[in-house]
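Here is a friendly tour of the empty spaces, helix contacts and backbone features of one structure. Have your viewer ready and follow along.

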Amino acid sequence: MFKKVLIANRGEIALRVIRTCHEMGIQTVAVYSTADRDSLHVRFANEAVCIGPPPSRESYLRFDRIIAAAEVTGADAIHPGYGFLAENADFSAICADHRIKFIGPSPETIRLMGDKSLAKDTMRKAGVPVIPGSDGVVETAAEGKRIAAEMGYPVIIKARAGGGGKGMRLVTEESAFTKQFDMARNEAEAAFGDGGVYIEKFVTSPRHVEIQVLGDGQGTVIHFGERECSIQRRHQKLVEESPSPIVDEDLRRRMGEAAVRGAEAVGYEGAGTIEFLVDAERNFYFMEMNTRIQVEHPVTEEVADCDLVEYQLRVAMGERVRRREVTLEGHAIECRINAEDPFRNFAPSPGLIRTFHPPGGHGVRVDTHAYAGYVIPPHYDSMIAKLIVRARTRELAINKMLRALDEFVIEGVKTTIPFHRQLLRNEAFRAGHFDTRFLETFQLQPEDV
């Protein structure tokens, strides 16, 4: 059993990890920038260490300051949460060098899955369906144009080290290829310091469906069903649910088996996610693997009645995963409540929260670090809360979410609550008829504010 875990993160995920650690009898250490000194994760950890000024490159991304904080406080493990250093192979390796357990997969696995072209090749060899595309990185626009012509347009150019939609370009015709190829390379270089890109066939009307897996690094991997994540804005998820409206028992079985094969192929340790695109004929293709806990993990916890962070901690301590069928029951939905103005193209809205009243009731969960009097700093991700509901059916879950959204009072900053209310009343959404491009044509109605 770990004696003390340092959480190398901030906000709701830091608080989420602290809570599970305390329930397991594990002491915790929070790290924080000067902008986060009043955050709840600082207040509720057993100890807290300031690691620098607000810019994340001077605090939450500083290996040396986080390792020093762990050594000074005697932490024997580090949980990275999501974002920041969660998928940084070098940080995982440095933790090992200092005899501190990194709660997550090995540096080799993170590195392998972080290289999108290598990950795709690994999955193909493991028998996981992959989208037709280039064999690895494409070096020149001329080579890319030749590959795209062979596959047929539309194609999508993706950054090898990408994520969050950066370094990604859709190309629908040959005349636009060179310009989009150069833009993708430049954006990838600026965002990740790696301009390598590869090309895939673009799947028309795709659904983003992902499988939650858990591996013990000793050969056993199980899965916890799927999450539907197709409601996205500029490749950033806004609403997630489990199960997916388009996945039946047969598709769930086939996707789950493929995800387990893929994770077993890399000796996976910890919680991870295999992301798939599903086309209109319900063919599914591997997109990427996220080697960390994800923002949307609560919807899986709700339908599988489990604590994924506890599982992360237990496998990191050497416990084996028991191969078994996971029972899934009911329907869960998560809405990301961001400090953004949906009527101004989701512009960030940092500042002082004057009033904060979270909803409650049966089947309603709020994961947040915010409170009345909290100042949302402008330096980080705009998410301030995750509202999760669970009910017997999807229709009942949607109705419960609408009720919870109506009860959620946040004053002082703009939030995405009005967007969610309108989305959940949309007939196409309620019928489950949407894909990853749904929000491109979704029209907000100002009178509903």
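The largest cavity holds about 50 Å³ of space in this predicted model. In total, the structure has two cavities of 30 Å³ or more. Which residues sit nearest the centre of the largest cavity? They are Ile 103, Gly 104, Thr 291, Arg 292 and Gln 312, out of 14 residues that line the largest cavity. Sorted by class, the lining of the largest cavity comprises seven nonpolar residues, six polar ones and one charged.

The second largest cavity contains about 30 Å³ of space. Its lining can be named in full: Glu 228, Cys 229, Ser 230, Ile 231, Val 239, Glu 240, Glu 241 and Phe 434. Two strands, β10 (221-233) and β11 (236-242), each contribute at least two residues to the lining of the second largest cavity. The largest share comes from β10, with four residues. In terms of class, the lining of the second largest cavity counts four nonpolar, one polar and three charged residues.

Now for an open space. The second largest pocket takes in about 370 Å³. Its lining has 15 residues, and those closest to the centre of the pocket are His 223, Arg 253, Arg 324, Glu 325 and Val 326. Strand β10, already met at the second largest cavity, also supplies at least two residues to the lining of the second largest pocket, as does α9 (249-265). Which element gives the most to the lining of this second largest pocket? That is α9, with six residues. By class, the lining of the second largest pocket has five nonpolar, three polar and seven charged residues.

The table puts the three spaces side by side.

| Space | Volume | Lining by class |
|---|---|---|
| Largest cavity | about 50 Å³ | seven nonpolar, six polar, one charged |
| Second largest cavity | about 30 Å³ | four nonpolar, one polar, three charged |
| Second largest pocket | about 370 Å³ | five nonpolar, three polar, seven charged |

Next come the helix pairs. Two packed helices are described by the angle between their axes and the distance between the axes. For helix α1 (residues 11-23) and helix α11 (residues 308-316), the axes come within 9 Å and cross at roughly 65°. Angles of 65 to 115 degrees count as roughly perpendicular, so α1 and α11 are roughly perpendicular to each other. The crossing in which α1 passes α11 is right-handed. On the α1 side, the contact is made by Arg 16, Val 17, Thr 20 and Cys 21, while α11 brings Leu 308, Val 309, Glu 310 and Leu 313. Five of the residues in the contact of α1 with α11 are nonpolar, one is polar and two are charged.

The other pair is helix α5 (residues 107-114) and helix α6 (residues 116-125), whose axes come within 5 Å and cross at roughly 100°. How are α5 and α6 placed, roughly parallel or roughly perpendicular to each other? With that crossing angle, α5 and α6 are therefore roughly perpendicular. From α5, Leu 112, Met 113 and Gly 114 take part, and they meet Lys 116, Leu 118, Ala 119, Thr 122 and Met 123 of α6. The contact of α5 with α6 divides into five nonpolar, two polar and one charged residue.

Finally, a few backbone details to look up in the loops. The peptide bond from Tyr 153 to Pro 154 is cis, and its omega is near 5°. Pro 154 belongs to the loop between α7 (141-151) and β6 (155-159). Another cis peptide bond links Ser 242 to Pro 243, with omega of about 0°. Pro 243 is found in the loop between β11 and α9. So where does Arg 99 lie? Arg 99 is in the loop between α4 (89-97) and β5 (101-102). The phi of Arg 99 is near 60°, which is a positive value in a residue other than glycine.

Notes:
Residues numbered from 1 in each chain as written. Predicted model: local features only at pLDDT ≥ 70, side-chain atom pairs only at ≥ 80, totals over all residues. Heavy atoms only, no water. 1 Å grid on protein atoms, 1.4 Å probe; cavity = no way out; pocket = protein on both sides within 12 Å on 5 of 7 lines; lining within 4 Å. Points joined across faces, edges and corners; volume = space filled by probe spheres on them. Nonpolar A, V, L, I, M, F, W, Y, C, P; charged D, E, K, R; others polar. Axes fitted to C-alpha atoms, helices over the stretch in contact; angles between N-to-C directions. Parallel < 35°, antiparallel > 145°, perpendicular 65-115°, else oblique. Left-handed = near helix turned anticlockwise from the far one by under 90°. Contact = heavy atoms within 4.5 Å.
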